[in-house]
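This report describes a single protein chain, with attention to burial, contacts and confidence. The sequence and the coordinates follow.

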Amino acid sequence: MRKLFILLVLLMTVCANSYAEPGAKREVRRAQKDSIKVAELVGAHRKGTKIKLDGIVLNKEQQALLLSNIDSLDFNADWAAFKKQRHWGNGLTIGGSVLVGAGAAAEVVALGYVLVGVLIAAFTLGQADMDEFMKPAGYLAVGGLVSAGVGASTMAVGIPLRVSADKKMKATCESYNNATVRVEKSVIFGTTASGIGLSFNF
């Protein structure tokens, strides 16, 4: 009886640990996510092709001001180049995926032509003219392969372009965060539509 009781206690302990462990892991993951969110609220971070400073997305004038002096260097022209590169990357990736999709659709239609041709040949005991099914199937199959190949090549160029642009933008934001000479946040958030200064609304 005593051994049975000890065995039950051990089993309950193991079960409790196995249930507690996923909960603990979940808490650790939640804490990591929270710390990342907190980190993103402090300093400059890339948000698409814009910059978020202390959790606030900057407008065009504020962003230009932030980029105008990072360790005494103006990064506005660089940022514009990164933005252009990102747009090219997006365009090539989207265009490539459309071509791949069109190629796949053409292959499906070609397969449909072949199946219909085979069925008709079976029903007519090989007496039907198969050219009217096989020629379009061949054209569609070749066209589909070409389209898919071009699309895949385009995506292979577009995806690295976008990833590279994102990394460069992120590095620029990190440069601002670590800069010894930079435009102060109070100046960036104190800008008006006509430049730096005070704004009075009546």
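## Gln-63 and its surroundings

In this predicted model, Gln-63 has a relative accessible area of 11% and is therefore buried, the cut-off being under 20%. Gln-63 belongs to helix 2, where Gln-62, Leu-65, Leu-66 and Leu-67 are likewise buried.

Beyond four places in sequence, Gln-63 touches Thr-49, Lys-50, Ile-51, Leu-58, Asn-76 and Trp-79. Of these partners, Lys-50 is 13 residues from Gln-63 in sequence, and the two C-alpha atoms are 7.6 Å apart. At the N-terminal end of helix 2, Asn-59 acts as a cap, with a side-chain oxygen 3.2 Å from the backbone nitrogen of Glu-61.

## Thr-49 and Ile-51

Thr-49 lies in the loop between strand 1 (44–47) and strand 2. Its relative accessible area is 17%, so Thr-49 counts as buried. When neighbours within four places are set aside, Thr-49 is in contact with Gln-63, Trp-79, Lys-83, Arg-86, His-87 and Met-169.

Ile-51, for its part, falls within strand 2 (50–53). Its contacts, again without neighbours up to four places away in sequence, are Ala-44, His-45, Ile-56, Val-57, Leu-58, Gln-63, Leu-66, Leu-67, Trp-79 and Cys-173. Gln-63 and Trp-79 thus appear among the contacts of Thr-49 and also among those of Ile-51.

## The nonpolar core

The largest nonpolar core has 17 residues, and the members that touch the most others are Ala-44, Ile-51, Leu-53, Leu-66, Leu-67, Tyr-176 and Ile-188. At least two core residues come from each of strand 2 (50–53), helix 2 (60–67), helix 3 (76–123) and helix 4 (131–178).

Tyr-176 also has a charged residue over its ring: Arg-182 lies over the face, at 4.8 Å from the ring centre. The structure contains 0 aromatic pairs.

## The loop between helix 2 and helix 3

Asp-71 and Ser-72 have positive phi values although neither is a glycine: about 50 degrees for Asp-71 and about 65 degrees for Ser-72. Asp-71 is located in the loop between helix 2 and helix 3, as is Ser-72.

Their accessibility classes are as follows. Asp-71 is partly exposed, with a relative accessible area of 38%, whereas Ser-72, at 57%, counts as exposed.

## Overall organisation

The chain has 5 helices and 5 strands, arranged from the N terminus as α-β-β-β-α-α-α-α-β-β. Buried residues account for 22% of the 202 residues. Of the contacts between residues at least 6 apart in sequence, 67% join residues at least 24 apart.

## Confidence of the model

The mean pLDDT of the chain is 82, with 76% of residues reaching 70 or more. Among the elements, strand 2 has the highest mean pLDDT, 95, and strand 5 (residues 195–196) the lowest, 49.

Over residues 196–202 the pLDDT stays under 50, and the model has 7 contacts beyond four places in sequence for this segment. Predicted coordinates should not be read in detail where pLDDT is low.

Notes:
Residues are numbered from 1 along each chain as its sequence is written. This is a predicted model: local features need pLDDT of at least 70, side-chain atom pairs count only at pLDDT 80 or more; totals for chains, interfaces and linings use all residues. Side-chain values use heavy atoms; hydrogens and water are left out. A nonpolar core is a set of buried Ala, Val, Leu, Ile, Met, Phe, Trp, Tyr and Cys residues joined through side-chain atoms within 4.5 Å. Buried means under 20% relative accessible area, exposed over 50%, partly exposed in between (1.4 Å probe, protein chains only). Helices (H or I, at least four residues) and strands (E, at least two) are DSSP runs, numbered from the N terminus. Contact means heavy atoms within 4.5 Å. Rings of Phe, Tyr and Trp (its six-membered ring) pair if their centres lie within 6.5 Å; planes under 30 degrees apart count as stacked, over 60 as edge-to-face and the rest as tilted. A charge sits over a ring if NZ of Lys or CZ of Arg is within 6 Å of the ring centre and within 35 degrees of the ring normal. A polar contact is a pair of N or O atoms within 3.5 Å; within protein, one must be able to donate a hydrogen and the other to accept it, and residues adjacent in sequence count only if both atoms are side-chain atoms. pLDDT is the predictor's confidence in each residue, from 0 to 100.
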